[in-house]
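Here are my notes on the structure you asked me to look over. Keep the 3D view open while you read, and click on each residue as it comes up.

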Amino acid sequence: MTTHQDHEDPTRFWERFYANRDRWSGKPNPALVDEVDALAPGTALDLGCGEGADAIWLAAKGWQVTAVDISAHAIERATEHAWDADLGDAIRWRRHDLSQTFPDGSFDLVSACYLQSPVELPRERVLRDAAAAVAPGGRLVIVAHSAAPTWAEAGKHPWMPTADETLASLELDDELWTLETKREITRPATSPTGEEGTRADIALRLRRD
Ligand SMILES: C[S@@+](CC[C@H](N)C(=O)[O-])C[C@H]1O[C@@H](n2cnc3c(N)ncnc32)[C@H](O)[C@@H]1O
């Protein structure tokens with residue numbers, strides 16, 4: 001499915017998005033918290049970190065975090081929030097356009113929360129790169145919208161895969177990976193103009209053996 005924004009340059013789109021935005025809640029994504037809270041901390045990679053709430057929560061839990069986004073604007077704000085929380089030392093912020101470059105190394109946790117875009121993003125390839133960056137014994141956590149919001153006009157949102165479609169697109173070796181969580185979540189949500197509705201999300205957690 002296409003939208004009118006499809007051909008906008010992704011860096012320009014996301015820089016404009018964050019320049020016009022003033023909605024910092026400071027709260028991590030609840031589905032990420034559910035999946036990670038009980039894990040022993042290690043190294044973590046947060047892909048599409050935005051303004052940093054997940055990365056800051058992970059750092060507060062003891063993870064050594066690398067957090068990546070295409071938007072320099074988002075990273076600048078995230079860095080300030082981390083220092084405000086006295087966690088500046090625990091997070092390495094990096095600007096990457098993940099369609100072009102991917103952070104080096106392997107990690108005990110790789111998370112991609114709502115790494116979705118109305119403009120170009122080779123998401124399936126990036127998520128396969130994410131799986132490849134998980135260290136043995138580590139986890140891949142994917143949280144994502146699986147449908148347009150209830151208030152959306154038909155055709156205005158990009159295609160959003162289901163949990164099974166996302167799993168299939170990862171092309172994982174069943175001998176190497178264990179699916180620990182597959183959740184479909186419907187939660188109340190409010191549109192940017194204040195309309196009440198719901199959002200359908202998925203949460204996946206996979207362990208690399
Ligand atoms: C829907 S937002 C989600 C942000 C954050 N993870 C959250 O849950 O609030 C998608 C994020 O992905 C980032 N992003 C989009 N395309 C990207 C790309 N090609 N490389 C790196 N980050 C990208 C955007 O800048 C944005 O911060």
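The points below go from the whole chain down to single residues.

1. **What you are looking at.** First things first: this is a predicted model. The protein has six helices and seven strands. If you walk along from the N terminus, the order of elements is α-α-β-α-β-α-β-β-α-β-α-β-β. So you start with two helices, and you finish on two strands.

2. **Overall size.** The C-alpha trace spans about 45 × 40 × 35 Å along its principal axes. How does the radius of gyration fit with a compact globule? For 209 residues, such a globule would come out near 17 Å, and the protein has 16 Å, so the two agree.

3. **Inside and outside.** Out of the 209 residues, 31% count as buried. Now look at contacts between residues with a separation of 6 or more: 69% of these link residues that are 24 or more positions apart.

4. **The nonpolar core.** In soluble globular proteins, nonpolar side chains tend to be buried together. Here the largest nonpolar core has 43 residues, and A55 and V110 touch the most other members. Try selecting V110: leaving out residues up to four places away in sequence, V110 touches L45, L47, A130, A133, V134 and L140.

5. **The hairpin at the end.** Strand β6 (residues 177–190) and strand β7 (residues 196–208) run antiparallel and are joined by 13 bridges. Two pairs to find are T186 with A200 and A189 with G197. The two strands form a hairpin with five residues between them, and G194 in that turn has a positive phi of about 95°.

6. **Another partner for β7.** Which strand besides β6 is joined to β7? That would be β5 (residues 134–145), which runs antiparallel to β7 with seven bridges between them. One pair to look for is L140 in β5 with L206 in β7. You have met L140 already, as one of the residues V110 touches.

7. **Around the ligand.** There are 20 residues around the ligand, and W14, G48, G50, I70 and L98 come nearest. By class, this shell has ten nonpolar, eight polar and two charged residues.

8. **G50, one of the nearest.** G50 is in the loop between β1 (43–47) and α3. Is G50 buried or exposed? G50 counts as buried, because 23 C-beta neighbours lie inside 10 Å and 20 are enough for that label. Setting aside residues up to four places away in sequence, G50 touches D69 and A74. For a sense of distance, the C-alpha atoms of G50 and E184 are separated by 23 Å, with the two residues 134 apart along the chain.

9. **D54, a buried aspartate.** D54 is in helix α3 (residues 53–60). Why does D54 count as buried? Because 27 other C-beta atoms lie within 10 Å. Apart from neighbours within four places in sequence, D54 is in contact with P28, N29, L32, D46, C49, S111 and C113. D209, on the other hand, is 25 Å from D54, C-alpha to C-alpha, and 155 residues away in sequence.

10. **A59, in that helix too.** A59 also lies in helix α3. With 24 C-beta neighbours inside 10 Å, A59 counts as buried. Once residues up to four places away in sequence are left out, A59 touches V65, A82, L87, A90 and I91. Zoom in on I91: this residue is 32 places from A59 along the chain, yet their C-alpha atoms are separated by 6.8 Å.

11. **Two loop residues with positive phi.** D86 has a phi near 60°, which is positive in a residue other than glycine. Its place is in the loop between α4 (72–84) and β3 (91–95). E171 has a positive phi as well, near 55°, and is not a glycine either. You will find E171 in the loop between α6 (163–170) and β6. Are these two buried or exposed? D86 is exposed, because 10 other C-beta atoms lie within 10 Å and 12 or fewer earn that label. E171 is exposed too, with 10 other C-beta atoms within 10 Å.

Key:
Residues are numbered from 1 along each chain as its sequence is written. This is a predicted model: local features need pLDDT of at least 70, side-chain atom pairs count only at pLDDT 80 or more; totals for chains, interfaces and linings use all residues. Helices (H or I, at least four residues) and strands (E, at least two) are DSSP runs, numbered from the N terminus. The radius of gyration is taken over C-alpha atoms; the globule rule is 2.2 Å times the number of residues to the power 0.38. Two residues are in contact if their C-beta atoms, placed from the backbone, lie within 7 Å. A residue is near a molecule or strand if its C-beta atom, placed from the backbone, lies within 6 Å of it. Ala, Val, Leu, Ile, Met, Phe, Trp, Tyr, Cys and Pro count as nonpolar, Asp, Glu, Lys and Arg as charged, and the others, Gly among them, as polar. A nonpolar core is a set of buried Ala, Val, Leu, Ile, Met, Phe, Trp, Tyr and Cys residues joined through C-beta atoms within 7 Å. Two strands pair if DSSP finds at least two bridges between them.
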